[in-house]
Amino acid sequence: MDTGAGTGLLSLMPAQNSKAKITAVELDGEASKQAESNFSQSLWADQLHLVNSSIQTFSATSAQRFDCIISNPPFFQQAFNSLVRKSRRAVISHTGIEPVGGMERVIITEPVNRFR
């Protein structure tokens, strides 16, 4: 399941590399329409199912269970900056070494592709 699926990009990734059936849940009507269009035009349309609903409503009304839940939550620069500051303090307190620039690369890493 892909929660907050948006236009469906994240849902399409595991569909390309597996036979998994993916349920994408998206609240926003316009994003849902775009996701549905993206799904129907893809080679994996038979693996993808879109639900235009909040995740709360979907989970309360669906009996489906999922082996994997994916999500790409909204990214906010202010929250990221706070995370960098907290991580910098953690590195200093554990190592006694002040990180020099590029702390973002320590925090944000490439995702592991587990669908291949």
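Start with the contacts across the whole chain: of those with a separation of 6 or more, 62% are between residues 24 or more positions apart. Keep in mind as you click around that this is a predicted model.

**Stop 1: the whole chain**

Switch to a cartoon view and colour by secondary structure. You should find five helices and four strands in the protein chain. Follow the chain from the N terminus and the elements come in the order β-α-β-α-β-α-β-α-α. Now colour by burial: of the 116 residues in the chain, 30% are buried.

**Stop 2: helix α2**

Select residues 29-40. This is helix α2, with twelve residues. From its first C-alpha to its last it reaches 16 Å, close to the 16 Å expected at 1.5 Å a residue.

Next, show the side chains of Ala31, Ser32, Ala35 and Phe39, which are the buried residues of α2. Why do they line one face of the helix? Turn the model until you look down the axis of α2: its buried residues fall within an arc of 100°, so they sit along one face.

What do those buried residues pack against? Select 9-16, 22-26 and 48-52, and you'll have the partners on screen: α1, β2 and β3. Then swing round to the face of α2 turned away from the buried side, where you'll meet the exposed residues Glu30, Lys33 and Ser40.

**Stop 3: alanine 24**

Hop over to strand β2 and pick alanine 24, which lies in that strand. Buried or exposed? Alanine 24 is buried, with a relative accessible area of 0%.

Now bring up its contacts. Setting aside neighbours within four places in sequence, alanine 24 touches Asp2, Ala5, Ser11, Phe39, His49, Leu50 and Val51. Phe39 should ring a bell, as it is one of the buried residues of α2. Try a distance label to serine 11 too: alanine 24 and serine 11 are 13 residues apart in sequence, and their C-alpha atoms are 6.6 Å apart in space.

**Stop 4: a pocket**

For the last stop, switch on a surface and go to the second largest pocket, which holds about 220 Å³ of space. Which residues are closest to its centre? Select Met1, Ala20, Lys21, Ile22 and Cys68: of the 13 residues that line the pocket, these are the closest to its centre. Colour the lining by residue type and you'll get eight nonpolar residues, one polar and four charged.

Definitions and conventions:
Residues numbered from 1 in each chain as written. Predicted model: local features only at pLDDT ≥ 70, side-chain atom pairs only at ≥ 80, totals over all residues. Heavy atoms only, no water. 1 Å grid on protein atoms, 1.4 Å probe; cavity = no way out; pocket = protein on both sides within 12 Å on 5 of 7 lines; lining within 4 Å. Points joined across faces, edges and corners; volume = space filled by probe spheres on them. Nonpolar A, V, L, I, M, F, W, Y, C, P; charged D, E, K, R; others polar. Helix = DSSP H or I, 4+ residues; strand = E, 2+ residues; numbered from the N terminus. Expected span 1.5 Å × (residues − 1). Buried < 20%, exposed > 50% of the residue type's maximum accessible area, 1.4 Å probe, protein only. Arc of directions from axis to C-beta. Contact = heavy atoms within 4.5 Å.
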